[in-house]
Amino acid sequence: MSLDPITLEVLRNRLDAIADNMESTLIRCAYSGIIKEGADCSVALFDISGQTIAQGLALPVHLGSMPPAVEAMLADFPASEMNEGDVIIMNDPYLGGQHNPDIICIVPVVHRGETVALAVSLAHHQDVGGRTAGSNPPDSTDVFEEGLCIPPLKLMENGRMVEVVEALIRRNVRYPDLIFGDLNAQVACGNTAAKEMVALLEKYGRDVIFEAITELMNRAETQTRKEIKKIPDGTYHFTDWLDNDGIELDKRIGITVAVTIKGSEVHADFTGTSPQVRGPLNAVPSCTLSAVRYVIRVITDPDIPNNEGCYRMIRLTIPEKSVLNPQRPAPVNCRAVTLRRVVDTTLGAFAQALPGRVPAANNGHPLQGHFGGVDEATGEPFILSEMGTGGMGARPTKDGIDCLFTDTSNAKNIPVEIAEATAPLRVCYYRIRTDSGGAGCYRGGCGFEKEYECLGDNVVLAHRGERHYTRPWGQAGGGPAATSRTVVVRADGNQEVVPSKQTVHLNKSDHIIMWTAGGGGYGDPLERPAGKVLDDVLDLKVS
């Protein structure tokens, strides 16, 4: 390497800073609450062959699936044919996306007339059409019910919107101004990256920058392999369960993995996982890739550069026609639920290989609910996405954190003020749920308890919960966390239990109460210091 170590480290941090600035630009410029408040978006810089150069501090659920999506987009629109002012979009889950609301956007980085890199963003759009507002029907039976499916297309050409593409999208979504506000935010974040990347190329020269990128990828691979070699060779098995698929509500869905470590290689084999299901809990292979990549990052050194080199030693086996490798047109909108259980299962396997290193299970999946309808007071359509948090699993040396988006879902909750300003709903209370974290020497984090009152009629809620029937597991003698629960209390006082995934119709004065799961505990509960137990009781975390 001709670069000196100081220059290499400076460039590493400059590339990371460009990616982080992309993320903040996207969030600041977004129109919808799910992005500007919930931060449900991700960004990365890619080279023109589709390898990740740097990733923003965003959602791991997206970052691992971007490479196959970029590969599919480059097949139709090669980087060599992209021009300044072009923008390519795609959301097809069967071409590398994950589900229809996630639109991937590529802005080329053009330096002296040549595309030299790609600024890529992925944003969860509030609605892309389909059967229910929010495009996440929890009981869909094919992908066509889940909204507009966009193949790789040019959204902009030479800096101008392609009118026929804009018209097609506007005609097929419920809130066209909202979606184009967010698409323009994605374009803005790409343009920000392009400007900063070009300035970096001008300062250091193209040869220096790309030598640094190659070296950073190789170092990431070397350092990651060094960490994996520390794990004892062998095969480690684990199985965990999803509540149901939204259709067959009493049928659990198993996720099984056998993780084999051999030297510095990792093979994750998901043979034995449940077959493809009728409901939208299916997850395309890019989801499993994201989950396993995330696990490899969290069990290795956090100081390793976060680029494609970290993942070169991973090999996956995913059976065809399984819930992790469905055939089109199987529904996939709830894929994040399944992806989270893949994380739990894979971490459960690594816990056997790395005793004392892996925390207890997190809450399993944050509650997500999409409220939609027409506000009777204004006559305007509305949509609100509830981004419900849960408890983090206890760690080998610390308690879990309360009410947090854990592991692959590095998003934020929706503030009460935004919820009440967006939809005809009132939040009656929003508080930590007592006794929801698993007991242990280190206590699992708590979930929340939240109650909404409906202020109008004909409000539809697409409710997507998890861990209603299985509990987040503890580690090293720690106890499991409490399960989730949701209840509708009708205006006449009658109560209805919502079975994890269901489309719920609400009218004026109906209430919906949500209890999210906590995280599992770590270690023998009898070893917890009495002072900490007293603090838990005084803080209403334990009864």
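In the predicted model, helix H6 (residues 176-204) lies across strand E1 (41-47), strand E3 (87-90), E4, E5, strand E6 (153-157) and E7. The helix runs at about 30° to E4. The length of H6 can be checked against its residue count: at 1.5 Å a residue, its 29 residues should span 42 Å, and the C-alpha atoms at its ends are 42 Å apart, so the two values agree. Glycine 205 follows H6 and has a positive phi, near 95°.

The strands crossed by H6 belong to an open sheet. This sheet is formed by 7 strands in the order E2-E1-E5-E4-E3-E6-E7, with antiparallel pairing. Strand E2 (52-55) and strand E7 (160-161) are the edge strands, each of which pairs on one side only. Within the sheet, strand E4 (residues 102-111) and strand E5 (residues 114-124) run antiparallel and are joined by 10 bridges. One of the residues involved is isoleucine 104, whose bridge partner in E5 is leucine 122.

A further packing arrangement involves two helices. Helix H1 (residues 5-29) packs against helix H7 (residues 206-228) at an angle of about 90°, and their axes are 10 Å apart. H1 and H7 are therefore roughly perpendicular to each other. On the H1 side, the contact is made by Leu8, Leu11, Arg12 and Leu15. H7 contributes Val208, Ile209, Ala212, Ile213, Glu215, Leu216 and Arg219. Sorted by class, the contact of H1 with H7 has 8 nonpolar and 3 charged residues, and no polar ones.

Farther along the chain, threonine 346 lies in helix H9 (residues 335-353). Its relative accessibility is 1%; because buried means under 20%, threonine 346 counts as buried. When neighbours within four places in sequence are left aside, threonine 346 is in contact with Val257, Val259, Phe270, Val292 and Val295.

Strand E16 (residues 459-464) is also mostly covered, with 5 of its 6 residues buried. E16 pairs with strand E12 (residues 368-374) in the antiparallel sense over 5 bridges. In this pairing, histidine 463 in E16 stands opposite glycine 369. E16 pairs with strand E19 (residues 501-506) as well, again in the antiparallel sense, over 6 bridges. Here the bridge partner of valine 460 is histidine 505 in E19.

Conventions:
Residues are numbered from 1 along each chain as its sequence is written. This is a predicted model: local features need pLDDT of at least 70, side-chain atom pairs count only at pLDDT 80 or more; totals for chains, interfaces and linings use all residues. Side-chain values use heavy atoms; hydrogens and water are left out. Two strands pair if DSSP finds at least two bridges between them. Helices (H or I, at least four residues) and strands (E, at least two) are DSSP runs, numbered from the N terminus. Contact means heavy atoms within 4.5 Å. Axes are lines fitted to C-alpha atoms, for helices over the stretch in contact, and angles run from 0 to 180 degrees between N-to-C directions. Angles under 35 degrees count as roughly parallel, over 145 as roughly antiparallel, 65 to 115 as roughly perpendicular and the rest as oblique. Ala, Val, Leu, Ile, Met, Phe, Trp, Tyr, Cys and Pro count as nonpolar, Asp, Glu, Lys and Arg as charged, and the others, Gly among them, as polar. The expected span of a helix is 1.5 Å times one less than its number of residues. Buried means under 20% relative accessible area, exposed over 50%, partly exposed in between (1.4 Å probe, protein chains only).
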